[in-house]
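Reader: I have a protein model open and would like to learn how to read it. Could you walk me through some of its features?

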Amino acid sequence: MLFRTLAAVSALLAATPALAQEGASDRADIVAGARQFIKPTNAERTQVLVGFLTTLGLTPEIQVFQGGNNATGPMEGANVVVTVGQGDKDIVLTAHYDAVKLRDGTLSQGIVDNVGSVMAMMEAAKTLDMALEGQPVAHRFVFVFTDQEELGLLGAKAFLEKHGKDRIAAVINADVAAYGQTIMYGENNGEQSRFVLETLRTLCAERNFDCMPYPTYPPSDDRAFSAAGVPVVSMGTQDAVGAHQMWLAFNGGENSGLKEGFVPPVFQRIHSTDDKLSYLKGADVARFGLFIADLGLALDKRLVENQAKADAVAAETAPAPGGED
Ligand SMILES: [Zn+2]
């Protein structure tokens, strides 16, 4: 027994350098970046976001819209848009950066909901910007950091109203993603989104990511796009246990096995004073960001294949030239 204990201790000591090394890749820069978003107003968050994107060498465009709802009255909002690459059609990537106003009148830190996703999207933008230099693709990647999601998806709706949907080939939305390595995604965005889900599932399998499909998934900006008939997927991340609990809460029905009145921890955190920086894990956010970039590239490829198939079918069914008398 004593020997075994000693062996365990020496194994632990031997493991220390490896653990320390892991610490070096914990992406403290993402945590420090997320901290900057803790501000008293959403307008100040806009400026933080624009500053970050500019530092990355990207060219953010602020697209102002007239928003607000019954509770707030008229209120100007600002989507922040960054375009990477070129193409006739767009793959749009959305994450809202606004935080919810709490009952005491202060602004939530809004880290889990939704600075984590914003930081992941910035990782994705940076990655794609670099990747496209050596690997041209068929689509533009348009990152839309939306405002006033918390007031009723107003930023996403304003973006659609301003630009229309004709250029949009597919949308990837991220909401509630500050920690954990399980990728949650909704299957409830219509038949037109089927190829997006197929692409995502293939990527999960290829990269050995733990991905969890939700027949019912909570709404975010994705609903503005699916309501317009646009192919879209909404994703988030959590630890595996939290993801399973949330799945049961939304999809388990009466026999979910959850205690009556059980609220998944993530829903106790968001929209409260508890939605704070200490939950954010830089390495998890970076990992999710790379997954988003990969999904964008995989969708680009899939869309090109879809188009080639559609062209082949059209050529087959078209009357042969000069075939009619
Ligand atoms: Zn959110």
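Author: Below we go through a metal site, some backbone details and a few helix pairs. Keep in mind that this is a predicted model.

Reader: Happy to start with the metal. Which atoms coordinate the zinc ion?

Author: To read a metal site, begin with its donor atoms. Here the zinc ion is held by NE2 of His96, an OD atom of Asp113 and two OD contacts from Asp175, at 1.9 to 2.5 Å. Along the sequence, the donor residues follow the spacing H-x16-D-x61-D. Two of them tie distant parts of the chain together: aspartate 113 sits in helix α4, and aspartate 175 in the loop between β5 (168-174) and β6 (182-186), 62 residues apart.

Reader: What is the arrangement of the four donor atoms around the zinc ion?

Author: For that, look at the angles between donors. Four donors count as tetrahedral if all angles lie between 85 and 135 degrees. Around this zinc ion the angles run from 54 to 149 degrees, so the arrangement is irregular.

Reader: Now the backbone. Which residues does a cis peptide bond join?

Author: Here is the general idea: most peptide bonds are trans, and most residues other than glycine have a negative phi. In this model, aspartate 113 and asparagine 114 are joined by a cis peptide bond, with omega at about 25 degrees. Asparagine 114 is found in helix α4, and aspartate 113 is one of the zinc donors as well.

Reader: And what is phi of glutamine 148?

Author: Its phi is near 55 degrees, a positive value in a residue that is not glycine. You will find glutamine 148 in the loop between β4 (139-146) and α5 (154-163).

Reader: Let's turn to the helices. How do α4 and α10 cross?

Author: For a helix pair, read the distance between axes, then the angle, then the handedness. The axes of helix α4 (residues 111-134) and α10 come within 7 Å and cross at roughly 50 degrees. That makes α4 oblique to α10, and their crossing is right-handed. Among the residues in contact are Gly116, Met119 and Ala124 of α4, and Val285, Gly289 and Ala293 of α10. Sorted by class, this contact has 13 nonpolar, three polar and one charged residues.

Reader: At what angle do α6 and α10 pack?

Author: Helix α6 (residues 194-207) packs against helix α10 (residues 282-317) at about 125 degrees, with the axes 9 Å apart. The two are therefore oblique to each other, and α6 passes α10 in a right-handed crossing. Leu200, Leu203 and Arg207 are among the α6 residues that meet α10, where the partners include Phe291, Ala298 and Arg302. The classes here are ten nonpolar, two polar and four charged residues.

Reader: What about α2 and α4: how far apart are their axes?

Author: The axes of helix α2 (residues 28-35) and α4 are 10 Å apart, and the packing angle is about 125 degrees. This pair is therefore oblique, with a right-handed crossing. On the α2 side the contact uses Ile30, Gly33 and Ala34, and on the α4 side Ile111, Val115, Met119 and Glu123. These residues divide into five nonpolar, one polar and one charged. Notice Met119 of α4, which also meets α10.

Key:
Residues numbered from 1 in each chain as written. Predicted model: local features only at pLDDT ≥ 70, side-chain atom pairs only at ≥ 80, totals over all residues. Heavy atoms only, no water. Axes fitted to C-alpha atoms, helices over the stretch in contact; angles between N-to-C directions. Helix = DSSP H or I, 4+ residues; strand = E, 2+ residues; numbered from the N terminus. Parallel < 35°, antiparallel > 145°, perpendicular 65-115°, else oblique. Left-handed = near helix turned anticlockwise from the far one by under 90°. Contact = heavy atoms within 4.5 Å. Nonpolar A, V, L, I, M, F, W, Y, C, P; charged D, E, K, R; others polar. Donors = N, O, S within 2.8 Å, 3.2 Å for Na, K, Ca; no water. Tetrahedral: all angles 85-135°; square planar, octahedral: opposite > 155°, others 65-115°.
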